[in-house]
Amino acid sequence: MPQTVAVLGTGKIGEALLSGMIRAGWRPADLLVTTRRPDRAEKLRNRYGVEAVTNAEAAKSADILILAVKPQDMGALLAELAPHVTPDRLVISAAAGITTGFIEDSLADGTPVVRVMPNTPVLVDEGMSVISGGSHATAEHLGHAETIFGGVGKTLRVPESQQDAATALSGSGPAYFYFLVEAMTDAGILLGIPRAQAHDLIVQAAIGAAVMLRDSGEHPVKLREAVTSPAGTTISAIRELENHGVRAALIAALEAARDRSRELASGNG
């Protein structure tokens, strides 16, 4: 691996990557961070022993630059970095909707760029990061990105043409489950169960179901059918979900998320 990595825009996701790299064996002396606020920089120094620098300083000295800023801030950041980034650097973007082509056009010709869409469970080392290479990125560059993001969960390589769909499924995915848990908790209260208990019941059901999906290798239909006995409670609930168009609503919701990702990519923020 290259010697120095800089995380530019060290918010929640950036800090999760930073802590993941340190747990994976990176030396704090080989890690740089940039932040907007001096108090945030001081906290990161004290917490991880890393050096906080300016964006320009990071671009001059780091072998890998991880751009963890918000999509609307990417243009200004790239303008700041452009005079200092040379093609021997690797640039990794974790900003939703920002294409590798947009970044390549803003930097020196030949600069390798890798696009990554992580999701918020990277904060608890259970993230899913979808990785795509730009026109100058090699398998080695993709491997570097996988090593970094693999410290906070799983990674998956996809063609960049699938990134907007992956954003809808995985990047935004945790929010759909939180929404479902919120609705089920309200239903539990309506059925007479106190909120805290309803929450615990649903969260554990979600964890158990996720582990079974991950570890059993079974299709979700087969797992659902194992719970759905004839004329039972589950099939009555499933019928109501189908009657209310929940499946169609989910498909429409993900299409809307994909379309919004495309709008962000085109600059229609």
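This report describes a pocket, a helix pair and three loop residues in a predicted model.

**The second largest pocket**

The second largest pocket encloses about 910 Å³ of space. Its lining comprises 31 residues, of which Gly-9, Gly-11, Ala-68, Val-69 and Lys-70 are the closest to the centre of the pocket. Three helices, α1 (12-23), α4 (74-81) and α7 (163-171), each contribute at least two residues to this lining. Sorted by class, the lining of the second largest pocket holds twelve nonpolar, twelve polar and seven charged residues.

**The contact of α7 with α8**

Helix α7, which supplies part of the pocket lining, also meets helix α8 (residues 173-190), and the axes of the two helices come within 5 Å and cross at roughly 35 degrees. On the α7 side the contact involves Ala-168, Leu-169, Ser-170 and Gly-171, and on the α8 side it involves Gly-173, Pro-174 and Tyr-176. By class, four of the residues in this contact are nonpolar, three are polar and none is charged.

**Residues in loops**

Two residues in the loop between α10 (220-227) and α11 (233-243) are described here, namely Thr-228 and Ala-231. Thr-228 has a relative accessibility of 17% and therefore counts as buried, the cut-off for that class being under 20%. A polar atom of the Thr-228 side chain lies 2.7 Å from the backbone oxygen of Arg-224. When residues up to four places away in sequence are not counted, Thr-228 touches Thr-234 and Ile-235.

Ala-231 has a positive phi of about 55 degrees, although this residue is not a glycine. Its relative accessibility is 82%, so Ala-231 counts as exposed, for which the cut-off is over 50%.

Asp-125 is placed in another part of the chain, in the loop between β6 (113-117) and β7 (127-133). Phi of Asp-125 is likewise positive, near 60 degrees, in a residue other than glycine. Asp-125 counts as partly exposed because its relative accessibility is 31%, a value in between the cut-offs for buried and exposed.

The accessibility of the three loop residues is set out below.

| Residue | Relative accessibility | Class |
|---|---|---|
| Thr-228 | 17% | buried |
| Asp-125 | 31% | partly exposed |
| Ala-231 | 82% | exposed |

Within the loop between α10 and α11, then, Thr-228 counts as buried, whereas Ala-231 counts as exposed.

Notes. Residues numbered from 1 in each chain as written. Predicted model: local features only at pLDDT ≥ 70, side-chain atom pairs only at ≥ 80, totals over all residues. Heavy atoms only, no water. 1 Å grid on protein atoms, 1.4 Å probe; cavity = no way out; pocket = protein on both sides within 12 Å on 5 of 7 lines; lining within 4 Å. Points joined across faces, edges and corners; volume = space filled by probe spheres on them. Helix = DSSP H or I, 4+ residues; strand = E, 2+ residues; numbered from the N terminus. Nonpolar A, V, L, I, M, F, W, Y, C, P; charged D, E, K, R; others polar. Buried < 20%, exposed > 50% of the residue type's maximum accessible area, 1.4 Å probe, protein only. Polar contact = N/O pair within 3.5 Å; in protein donor to acceptor, adjacent residues only side chain to side chain. Contact = heavy atoms within 4.5 Å. Axes fitted to C-alpha atoms, helices over the stretch in contact; angles between N-to-C directions.
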